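Please read the following report beside the sequence and the three-dimensional model. It treats one helix, one sheet and several single residues in turn.

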Amino acid sequence: MTPDVRDRADRPPRARAGAGHGIPESAWKRALRLIDSADEIGLACHVTPDGDALGSMLAVAFTLRAMGKRVRASFGDRHFAVPRLLRFLPGQEMLVPPAEFPAAPELVITFDSSTFERLGLLSGNTARAAEVIVVDHHPAGAGFGTLGLIDAHAAATAMLAEQLIYRLGGRLDRDIATCLYAGLVTDTGSFRYSSTTPAVHEMAARLVATGLRTDEIARELWDRSPFGYLKVLAAALDRVRLEDGLVWTYVTRVDRAAHGLPYAEIEGIIDVVRRTDEAEVAVVLKEDDEGAWQVSTRSKGAVDVGAACAALGGGGHHNAAGYTSHDGVEDTMAALRRELGKA
C-alpha cells in the first residue's frame, strides 16, 4: 500500500511556506477535500509553458502520485513538446498530450493560468470538469475555475504550489525541489525582480537544501542556446526601435524558419531588449507558427504594462505582461502605444 504522505513529519510549518497567506483557510480546506475525494486528477498549465507553469505542475504531480492518485498532466499546445530549456525537469513521464487528457475530468488543477484561453487545446476539457482548482499568482478571469488558490502578491506560482504540497502532507525531495526552483528563479528573473522578497529567498534555501545543483539549473535556463538563436537575435536587434521611452522590435516566423528555430527558443529576446537605459518599457512582438503575434512587455516600474495588456485581451503583472494580436506589426504597436499612454 502506498504510504500516506501526510504521515510524514519532515516538512516546515505552514507559517514558513512564504505564500498563500491571503488565501482564506476555507479555500485551502476545500481544495484538500476535493483532491482527497478524486481518484483521477487532471493537471493543466498554460500553452508554451515557462518554468513556473511546468515546474509548479510537475512538482504537485509528484506529490499527488505519491498519494496514490492517477495523474494526467498536460498543456494545450497544438504541437505538444516540452520547450528545450525545460527538458531537464524531472517528472516528464507524467505528461500526456492533449488528446489523452480526460474529456470531462472529475477534477482539474490549473497552474499559472488565469483564463480558459490560456489553456489552449485543454480549455474545453477544463470547462467540462466538475471542479477546477486554480493555482496562480495572476488574478483569475471571470468564470475561470470553481475554487481559487490565488495570491497576486506571490512572486511565482511555484510558491503556492509549495504551500499546496505541504498542506497535502508532502515533503521536498530533490526532484520536487528542482521543479519548484525552476519556477521560482524564472519568475523572479533569477532573484533580480522587485517581486523578490525575504520569503522568496527563504523558499530558495529550503529547495537548495535538498541537494539540487543551482549551477546546472542556471546553465540549462540561461546559458544555452542553439547557434540559430544568435542569428535571430541579430535580426531582431537590427530592426529595434527606440521612441519616447519605448524600445521595441519583432521576430517573424520567417526569421525563425531560416535557422530552424522553434518559437519557444526566442523567449529570452525581451531580456536583452529591456536593458536599454533610455527606455522605461520594452516590447517584443513574436510571430508564432499560426501567424499570430505574441506580444511580450516589460516595465521598469513607472508604467503598468499589466493594465495595458489586459485592455488588449491579455494580462500579467505591473512590470511584466503580454497578449496576443492578430493585426500587423504597425497596427499592433499603435494599439499598444495608446494603452501604454493610459497606463
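L32 touches L164, R167 and L168, when residues up to four places away in sequence are not counted; contact here means heavy atoms within 4.5 Å. The model is a predicted one, in which local features need pLDDT of at least 70 and side-chain atom pairs count only at pLDDT 80 or more, while totals for chains, interfaces and linings use all residues. Residues are numbered from 1 along each chain as its sequence is written, and side-chain values use heavy atoms, with hydrogens and water left out.

L32 lies in helix α1. Helices (H or I, at least four residues) and strands (E, at least two) are DSSP runs, numbered from the N terminus. With a relative accessible area of 16%, L32 is buried. The term buried means under 20% relative accessible area, exposed means over 50%, and partly exposed lies in between (1.4 Å probe, protein chains only). From C-alpha to C-alpha, L32 and E106 are 14 Å apart in space, and they are 74 residues apart in sequence.

**Helix α1 and helix α4**

How do the axes of α1 and α4 lie to each other, and at what angle do they cross? The axes of α1 (residues 25-37) and α4 (residues 157-167) come within 11 Å and cross at roughly 65°. Axes are lines fitted to C-alpha atoms, for helices over the stretch in contact, and angles run from 0 to 180 degrees between N-to-C directions. The crossing of α1 and α4 is right-handed, a term that applies if the near helix is turned clockwise from the far one, whereas left-handed applies if it is turned anticlockwise by less than a right angle. On the α1 side E25, W28, L32 and I35 take part, and they meet L160, Q163, L164 and R167 in α4. The residues of this contact divide into 5 nonpolar, 1 polar and 2 charged. In this count Ala, Val, Leu, Ile, Met, Phe, Trp, Tyr, Cys and Pro are nonpolar, Asp, Glu, Lys and Arg are charged, and the others, Gly among them, are polar.

**The sheet**

Strands of a sheet pair through backbone hydrogen bonds, either parallel or antiparallel. An open sheet of 5 strands has the order β2-β1-β3-β4-β5, with parallel pairing; two strands pair if DSSP finds at least two bridges between them. Because β2 (70-75) and β5 stand at the edges, each with a single partner strand, one side of each is left without a neighbour in the sheet. On average, and with direction ignored, neighbouring strands of this sheet are turned by 20° against each other.

Two helices pack on the sheet. Helix α1 touches β1 (40-45), β3, β4 and β5, and its direction makes about 120° with that of β5. Helix α2 (residues 51-66) touches β1, β2 and β3, and its direction makes about 165° with that of β1.

Strand β4 (residues 131-136) is largely enclosed by the rest of the structure, because 5 of its 6 residues are buried. Strand β3 (residues 107-111) pairs with β4 in the parallel sense over 5 bridges, and T110 stands opposite V134 in β4. Strand β5 (residues 147-150) also pairs with β4 in the parallel sense, over 4 bridges. In β5, L147 is the bridge partner of I133, L149 is that of V135, and I150 stands opposite D136. The covered face of β5 holds L147 and L149, and its uncovered face holds G148 and I150.

**Single residues elsewhere**

Is S296 buried or exposed? S296, in strand β9 (residues 293-299), is buried, with a relative accessible area of 9%. Its side chain makes a polar contact of 2.8 Å with the side chain of K286. A polar contact is a pair of N or O atoms within 3.5 Å; within protein, one must be able to donate a hydrogen and the other to accept it, and residues adjacent in sequence count only if both atoms are side-chain atoms. Leaving aside neighbours within four places in sequence, S296 is in contact with E267, I270, A282, V283, V284, K286 and A321.

The table lists two residues that are not glycine and have a positive phi.

| Residue | Phi | Loop | Relative accessible area |
|---|---|---|---|
| F191 | about 70° | between α5 (174-187) and α6 (198-208) | 24%, partly exposed |
| D244 | about 50° | between β6 (241-243) and β7 (246-251) | 82%, exposed |
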